[in-house]
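Please open the model in a viewer and keep the sequence panel visible beside it. The tour proceeds from the whole chain to individual strands and residues.

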Amino acid sequence: MLIDLHAHSTESDGTDTPAELVATAVAAGLDAVAITDHDTTAGWAEAERAVRELGRPGTFRLVPGAELSCSSPDGRGGRVTVHLLAYLFNPSSPALVREQARLRAERRERLHQMAHQMASDGFPIDPEAIMAGLPPDSPGGRPHLARALVAAGTVASVDEAFAKYLSSSGSYYLPRTDTPVHRAIDMISEAGGATVLAHPFAHKRGPVVNAEVVAELADHGLAGVEIDHPDHDEPTRAKLRELSAELDLVPTGSSDYHGTNKTIRIGQETTDPDSLERIIARCTGSKVIS
């Protein structure tokens, strides 16, 4: 079985609609895919309809989820941004609804401010048009600004836009206030879901947590760790496999698919079926769609 537990749609910073994400996964030969948009569950309903319309009951599964932006101790006296993949939680949980609304609003305002500053500095982009192009419940993010720069001919690719202007060290980067990671784990647990630490040792993305922090999060209720990811090399994967076994964390693998925003193809990295079943067994908030 081919299972990809980390993929994004147009409801956050992917380029496939939720229905197109399902179609892409099916065309790629996947047996299951998780929709994990940033800080929103707005794509769940459309993705579910697309699965229902496949007309092949039981042959494909959709795992409803989200990717949460969190602030965490780094294990060295500082703090870093980490991402939690949350699966099969109740999307109507009041605490979660409030926090996701706050995050989406802040992300949208941050995007608008960054776009406005670039436009003021002479970049040929329209901040209002960028914002108007977002779905109503989309958090918005730097990839939307990056695509506008590509469309304007300022850069050749989304990767170039990040490298030149939008990375955390770029001149147009603005910080945001992320959810404390322990609170995020608690919220998802209370909503009947399970959390997996996404690409935890992806050093090329920036500073990361150390193994001691992963162990502490496991003690706090973290369910799993994403090991097979495009941003993890083989030595890193080996280290994470050893760590996940030591801590009894569910090991997962995922592409982190964003459509044409990245060169990564859906299903490039996959999850063992047993790992998916272990995650499902922990969850009571929502169900896998098949």
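Accessible areas here come from the Shrake-Rupley method with a 1.4 Å probe. By that method, the accessible surface of the protein chain amounts to about 12100 Å², and carbon and sulfur atoms account for 50% of it. The model is a predicted one.

**The whole chain**

Begin with the entire protein chain selected, displayed as a cartoon. Its secondary structure consists of 10 helices and eight strands. Along the principal axes, the C-alpha atoms fill a box of roughly 55 × 50 × 40 Å. The radius of gyration is 18 Å, which agrees with the value near 19 Å that a compact globule of 290 residues would have.

Next, colour the residues by relative accessibility. Of the 290 residues in the protein chain, 53% are buried. If contacts are drawn between residues at least 6 apart in sequence, 74% of them join residues at least 24 apart.

Now select the charged side chains. There are 27 positive and 41 negative side chains in the protein chain. How far apart do the centres of the two sets lie? The separation is 1 Å.

**From E1 to E2**

Select strand E1, residues 3-7. The strand is mostly covered, with five of its five residues buried. Add strand E2, residues 32-38, to the selection: E1 and E2 run parallel and are joined by three bridges. To inspect the pairing, centre on Asp4, which stands opposite Val33 in E2.

**Asp16, after E1**

Follow the chain out of E1 into the loop that leads to helix H1 (18-27), where Asp16 is located. Is Asp16 buried or exposed? Its relative accessible area is 11%, and Asp16 is therefore buried. Leaving aside residues up to four places away in sequence, Asp16 touches Ser9, Thr10, Leu21, Thr24, Tyr257 and Gly259; showing these as sticks displays the surroundings of the residue. For a distance across the model, select Arg176 as well: Asp16 and Arg176 are 160 residues apart in sequence, and their C-alpha atoms are 26 Å apart in space.

**E3 and its partners**

Return to E2 and extend the selection to strand E3, residues 61-73. Of the 13 residues in E3, 12 are buried, and the strand is mostly covered. Which strands pair with E3? Three pairings can be visited in turn, namely those with E2, E4 and E5.

- E2 and E3 pair in the parallel sense over seven bridges. Thr36 stands opposite Gly65 in E3.
- E3 and E4 run antiparallel, joined by nine bridges. Here Gly65 stands opposite Tyr87 in E4.
- E3 and strand E5 (residues 179-180) run parallel, with two bridges between them. The bridge partner of Cys70 in E5 is Thr179.

Gly65 deserves a separate selection, since this residue stands opposite Thr36 and also opposite Tyr87.

Then move to the hairpin of E3 and E4, which has five residues between the strands. Gly75 in this hairpin takes a positive phi near 85°.

**Two positive phi values outside glycine**

Continue along E4 (79-87) to the loop before helix H3 (94-120), and select Leu88. Phi of Leu88 is near 55°, a positive value in a residue other than glycine. Leu88 counts as buried because its relative accessibility is 1%.

The next stop is His199, in the loop between strand E6 (194-197) and helix H8 (211-220). His199 has a positive phi of about 25°, although it is not a glycine. With a relative accessible area of 7%, His199 is buried.

**Gly224 in E7**

For the last stop, select strand E7, residues 224-228, and centre on Gly224 within it. The relative accessibility of Gly224 is 0%, so this residue counts as buried. Which residues does Gly224 touch, not counting residues up to four places away in sequence? The contacts are Thr195, Val196, Leu197, Leu249 and Val250. A final distance can be drawn to Val214: Gly224 and Val214 are 10 residues apart in sequence and 9.8 Å apart in space, C-alpha to C-alpha.

Conventions
Residues numbered from 1 in each chain as written. Predicted model: local features only at pLDDT ≥ 70, side-chain atom pairs only at ≥ 80, totals over all residues. Heavy atoms only, no water. Helix = DSSP H or I, 4+ residues; strand = E, 2+ residues; numbered from the N terminus. Rg over C-alpha atoms; globule rule 2.2 N^0.38 Å. Buried < 20%, exposed > 50% of the residue type's maximum accessible area, 1.4 Å probe, protein only. Contact = heavy atoms within 4.5 Å. Lys, Arg positive; Asp, Glu negative; His and termini not counted. Charge placed at Lys NZ, Arg CZ, Asp CG, Glu CD. Pairing = 2+ DSSP bridges.
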